[in-house]
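Visitor: I am new to this structure, and I would like to understand the words used for it. Could you show it to me and let me ask about them?

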Amino acid sequence: MVGELAGWLAADDPAPWVVETSGSTGTPKRVVLSRDAVLASVRASARRVGATGQWLLALPASYVAGLQVVCRSLVAGHEPVLLDAHESFAAATAAMRPGDRFLSLVPTQLHRLLETDALSLATFHSVLIGGGPVDPALRERAAAAGVHVVATYGSAETAGGCVYDGYALDGVAVALDADGRVRIAGPTLFERYDGDPELTARVLVDGWFRTADAGRLDEDGRLHVLGRIDDVVVSGGVNVPAPAVAARLREHPDVVAAEVLGVPDEEWGNRVVAFVVGRLGLDAARDWVAEAHPRSWAPRQLVGLDAIPLLGNGKPDRLALRRLA
């Protein structure tokens, strides 16, 4: 993959690169990205973090986050170091060149590496975290370990992360529809979905990409992503924001990881289900959520797990979770 991308970046007039989405909520989509869009993202990212250098690839290169790791490193003049080619994260880090080094992870990876390789993590100029929300407690742990974390938001359709720590990269515009849906415009947008012109027309409107996410903007223009539009679970006539409930559960001292989804229910329409790694029962979970939010947001079912099922790119496998409920 590294060699293919190097050739693509150097070609005179290359065909677009096609990246598949994770398919976390259904069938994966094939996203068509021009080289110009990928390079616009590479350059804007470098300007925002304030440096360039070698990258360590700890994500699948078939997904957009991994593709961008490879391209950022190659554009900076360095082949990326592949984590899979080394026996450990520390060994991969030791194989990197002197100078500024960079890394992209999902929150689960950051959590694990802070426990096992915090000293190696602290040698990186910046650690970009995408693929899901970064809990404040996790970010505080990283800062205490000397790890500079940058929370990124984006998708394959935006050539990867295009909002860093809530602020759009140079050249990228962020706006909200009336229902709070996040819209994105700028040079990093994809061209189309391969083989699906109808879906392309629905999400690419007047130069804007209409995401599937809800958000709010601060007065200073900082974006707060609230979760997917369909993450609002209507249960018993009450709108329950599943990401907010999950974030509250992760704050519990006996919880290692948590996700929250709505599943069809004959009585409630949809019932709020918590998937928890840790020592927490349903009654305790309901009380904990109700201390910070309306009790109507509290989960009505709790599924205890040894680990949250993940897709290849590190995102929670929502379809697998629904089957477990």
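Guide: What follows is a conversation about why certain words are used for certain residues.

Guide: This is a predicted model, in which local features need pLDDT of at least 70 and side-chain atom pairs count only at pLDDT 80 or more, while totals for chains, interfaces and linings use all residues. Residues are numbered from 1 along each chain as its sequence is written, and side-chain values use heavy atoms, with hydrogens and water left out.

Visitor: What makes the contact between Asp-165 and Arg-139 a salt bridge?

Guide: A salt bridge is a side-chain nitrogen of Lys or Arg within 4 Å of a carboxyl oxygen of Asp or Glu. The side chains of Arg-139 and Asp-165 meet at 2.8 Å, N to O, so the pair counts as a salt bridge. The two partners come from distant parts of the chain, 26 residues apart: Asp-165 is in the loop between β8 (160-164) and β9 (167-168), and Arg-139 is in helix α7 (residues 136-144). Helices and strands here are DSSP runs, numbered from the N terminus (H or I with at least four residues for a helix, E with at least two for a strand).

Visitor: Why is Asp-165 called partly exposed?

Guide: Buried means under 20% relative accessible area and exposed means over 50%, with partly exposed in between, using a 1.4 Å probe and protein chains only. Asp-165 has a relative accessible area of 22%, and therefore counts as partly exposed. Its partner Arg-139, at 27% relative accessibility, also counts as partly exposed. Asp-165 has a further feature, a positive phi of about 50° although it is not a glycine.

Visitor: Which other residue has a positive phi although it is not a glycine?

Guide: One of them is Ala-159, with a positive phi of about 60°. Ala-159 is found in the loop between β7 (149-155) and β8, and it counts as buried because its relative accessibility is 0%.

Visitor: How many salt bridges does the structure hold, and which side chains meet in them?

Guide: The structure holds 16 salt bridges. Among them is one between Arg-271 and Asp-265, at 3.3 Å, N to O, and both of these residues are buried. Another joins Arg-250 and Glu-259, also with 3.3 Å from N to O, and here Arg-250 is partly exposed because its relative accessible area is 21%. In addition, salt bridges that share partners join Arg-47, Arg-48 and Asp-170 into one network.

Visitor: How do you know that Arg-101 has no salt bridge?

Guide: Lys and Arg count as positive and Asp and Glu as negative, while His and the chain ends are not counted. The nearest side chain of opposite charge to the buried Arg-101 is Asp-100, 8.1 Å away, so the 4 Å limit is not met and there is no salt bridge. Arg-101 lies in strand β5 (residues 101-105).

Visitor: What joins the side chains of Arg-101 and Thr-123?

Guide: They are joined by a polar contact of 3.3 Å. The term stands for a pair of N or O atoms within 3.5 Å; within protein, one must be able to donate a hydrogen and the other to accept it, and residues adjacent in sequence count only if both atoms are side-chain atoms.

Visitor: Why are the buried residues of helix α9 said to be on the same side?

Guide: The buried residues of α9 (residues 242-250) are Ala-242, Val-245, Ala-246, Arg-248 and Leu-249. They cover an arc of only 160° around the axis, which puts them on the same side of α9; the arc is that of the directions from the helix axis to the C-beta atoms. They pack against β16 (232-235), β17 (238-241), β18 (255-265), β19 (269-278) and α10 (282-292), where contact means heavy atoms within 4.5 Å.

Visitor: What makes β16 and β17 a pair?

Guide: Two strands pair if DSSP finds at least two bridges between them. Four bridges join β16 to β17, which run antiparallel, so the two strands pair. Ser-235 stands opposite Val-238 in β17, and in this hairpin, with two residues between the strands, Gly-236 takes a positive phi near 60°.

Visitor: Why is Ala-285 in helix α10 called buried?

Guide: Ala-285 counts as buried because its relative accessibility is 0%. Leaving aside neighbours within four places in sequence, Ala-285 is in contact with Leu-249, Leu-280, Pro-299 and Leu-302.
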